[in-house]
Amino acid sequence: MSDQQQIEEHNEGAGFEHEDWSAGTVYAFLIGLTLVCVLVFLFLRGMYAFLDARSRASQPQQNPLAISTGPLERNLPRSKVQEQIKTTFPDPRLEENERQEINQFRIGEEETLNSYGWVNQPAGLVHIPIERAMELVAQRGLPTRPQGAATEHVATGAPARPPGQSPAK
């Protein structure tokens, strides 16, 4: 006798499963799973419709002087959303295209730094190009205070006094 036959005779209950699920059983499971998913979907849809109707019914009466905004639109085209953002939201708004916006800002700053223009025309205040401003500072120097006023209050520890006022004794 071979070894295999001896093992089978000795252990008759041991072995392998001779039968897997049939194709009909697998199909029945998949169909049942699909039906359960559809039923859960329909239940949830009905529940949300009920809760939405209940929420609308419990809203307080709107003031007759208030402007009606119409129903809530959840799916708006991008152009309409951007139009509403520009008209309804105050500044500052979130950046939409950071690179373009920072480049436009930098170009505006460069134009301001390198051009002449009015800051306050009635007061006669203008801005000049930065290169010209540096040339003028190099020629004329920076404004300074009289030498005595600055050193006197530092040496004595007394507060600085406005020009033309005599020291208190």
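1. Let's start with the D52–R56 pair: their side chains form a salt bridge, with N and O 2.8 Å apart. By salt bridge I mean a side-chain nitrogen of Lys or Arg within 4 Å of a carboxyl oxygen of Asp or Glu. Both residues sit in helix 2 (residues 23-57), 4 residues apart, or about one turn of the helix. Helices here are DSSP runs of H or I with at least four residues, strands are E runs of at least two, and both are numbered from the N terminus. D52 is partly exposed at 33% relative accessible area, while R56 is exposed at 61%. The cut-offs are under 20% for buried, over 50% for exposed and partly exposed in between, using a 1.4 Å probe and protein chains only.

2. Before going on, a caveat: this is a predicted model, where local features need pLDDT of at least 70 and side-chain atom pairs count only at pLDDT 80 or more, while totals for chains, interfaces and linings use all residues. Residues are numbered from 1 along each chain as its sequence is written, and side-chain values use heavy atoms, leaving out hydrogens and water.

3. How many salt bridges are there? The count comes to 2. Besides D52–R56, R132 pairs with E135, and here the closest N and O atoms are 3.4 Å apart. These two are 3 residues apart in helix 5 (residues 130-140), so about one helical turn separates them. R132 is partly exposed at 33%, and E135 is partly exposed too, at 43%.

4. Now the overall layout. The protein has 6 helices and 2 strands, and along the sequence they run α-α-α-α-β-β-α-α. Of the 169 residues, 1% are buried. Taking contacts (heavy atoms within 4.5 Å) between residues at least 6 apart in sequence, 0% join residues at least 24 apart.

5. What does the surface add up to? The accessible surface is about 16500 Å², and carbon and sulfur atoms account for 58% of that. These areas come from the Shrake-Rupley method with a 1.4 Å probe, and for residues only the protein chains shown count as cover.

6. Have a look at the nonpolar patch of about 890 Å² on the surface, made by W21, V26, Y27, F29, L30, I31, L33 and L35. Patch members have over 30% relative accessible area and no salt bridge; nonpolar side chains (Val, Leu, Ile, Met, Phe, Trp, Tyr) are joined within 5 Å, and like charges within 9 Å. L35 lies in helix 2 and counts as exposed, at 52% relative accessibility.

7. There is also a patch of negative charge on the surface, where E95, E96, E98 and E101 gather. For the sign, Lys and Arg count as positive and Asp and Glu as negative, with His and the chain ends not counted; each charge is placed at NZ of Lys, CZ of Arg, CG of Asp or CD of Glu. E95 is in the loop between helix 3 (78-88) and helix 4 (98-113), and at 48% relative accessibility E95 is partly exposed.

8. One last spot to check is T112, in helix 4. T112 is partly exposed, at 42% relative accessibility. How far is the C-alpha of T112 from that of I130? The separation is 9.0 Å, for residues 18 apart along the chain.
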